[in-house]
Amino acid sequence: METISGLDAEALNRARISRDPRFDGKFYIAVTSTGIYCRPICPSRYAKRANVRFFASAAAAEAAGFRPCRHAGVAGHGGGGTPRLASDQRGRAR
Ligand SMILES: [Zn+2]
């Protein structure tokens, strides 16, 4: 079993289940049954361990044929995205 960011499969799975924010960005979780990948802190329901694959980057997950989860866009998924926050406040200038 390969390691990702120095984590083996057991450590990755523990981080997945605990949604530990310290691991956000260190690896990505892909679910083979849905074809979706997401961040460790994703609020989606847990997938079965047997259906889970781990990737070191969002690009690697996409290269393997997975699509980003719906929550991903909200959280700036994909590694290069910039959260859109400022534009929402401009309408309230007065
Ligand atoms: Zn997600």
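**Note on the predicted model: backbone, sheet and confidence**

1. Arg19 counts as partly exposed, because 14 other C-beta atoms lie within 10 Å, a count that falls between the limits of 12 or fewer for exposed and 20 or more for buried. The structure discussed here is a predicted model. Arg19 sits in the loop between helix 1 and strand 1 (28-31). Its phi is positive, at about 50°, although Arg19 is not a glycine.

2. A second residue deserves mention under the heading of backbone geometry. Ser5 is not a glycine either, and its phi is positive, near 55°. Ser5 belongs to the segment before helix 1 (9-18). Ser5 counts as partly exposed, since it has 14 C-beta neighbours inside 10 Å. As background, most residues other than glycine have a negative phi. A reader checking the backbone may therefore wish to note the values for Ser5 and for Arg19 against that general tendency.

3. On the overall fold, the protein contains three helices and four strands. Along the sequence these elements follow the pattern α-β-β-β-α-β-α. The pattern thus opens with a helix and ends with a helix.

4. The four strands form an open sheet in the order 3-1-2-4, and the pairing is mixed. Its edges are strand 3 (52-55) and strand 4 (67-68), each of which pairs on one side only. In general, strands of a sheet pair through backbone hydrogen bonds, either parallel or antiparallel.

5. Which strand pairs with strand 1 in the antiparallel sense over four bridges? The partner is strand 3. At residue level, Val31 has Val52 of strand 3 as its bridge partner.

6. Burial and contact range may be taken together. Buried residues account for 22% of the 94 residues in the protein. Of the contacts between residues at least 6 apart in sequence, 45% join residues at least 24 apart.

7. Confidence should be stated with the above. The average pLDDT of the protein is 79, and 71% of the residues score at least 70. Over residues 74-90, however, the pLDDT is below 50. Beyond near neighbours in sequence, this stretch has 13 contacts in the model. Where pLDDT is low, the predicted coordinates should not be read in detail.

How values were computed:
Residues are numbered from 1 along each chain as its sequence is written. This is a predicted model: local features need pLDDT of at least 70, side-chain atom pairs count only at pLDDT 80 or more; totals for chains, interfaces and linings use all residues. Helices (H or I, at least four residues) and strands (E, at least two) are DSSP runs, numbered from the N terminus. Two residues are in contact if their C-beta atoms, placed from the backbone, lie within 7 Å. pLDDT is the predictor's confidence in each residue, from 0 to 100. Two strands pair if DSSP finds at least two bridges between them.
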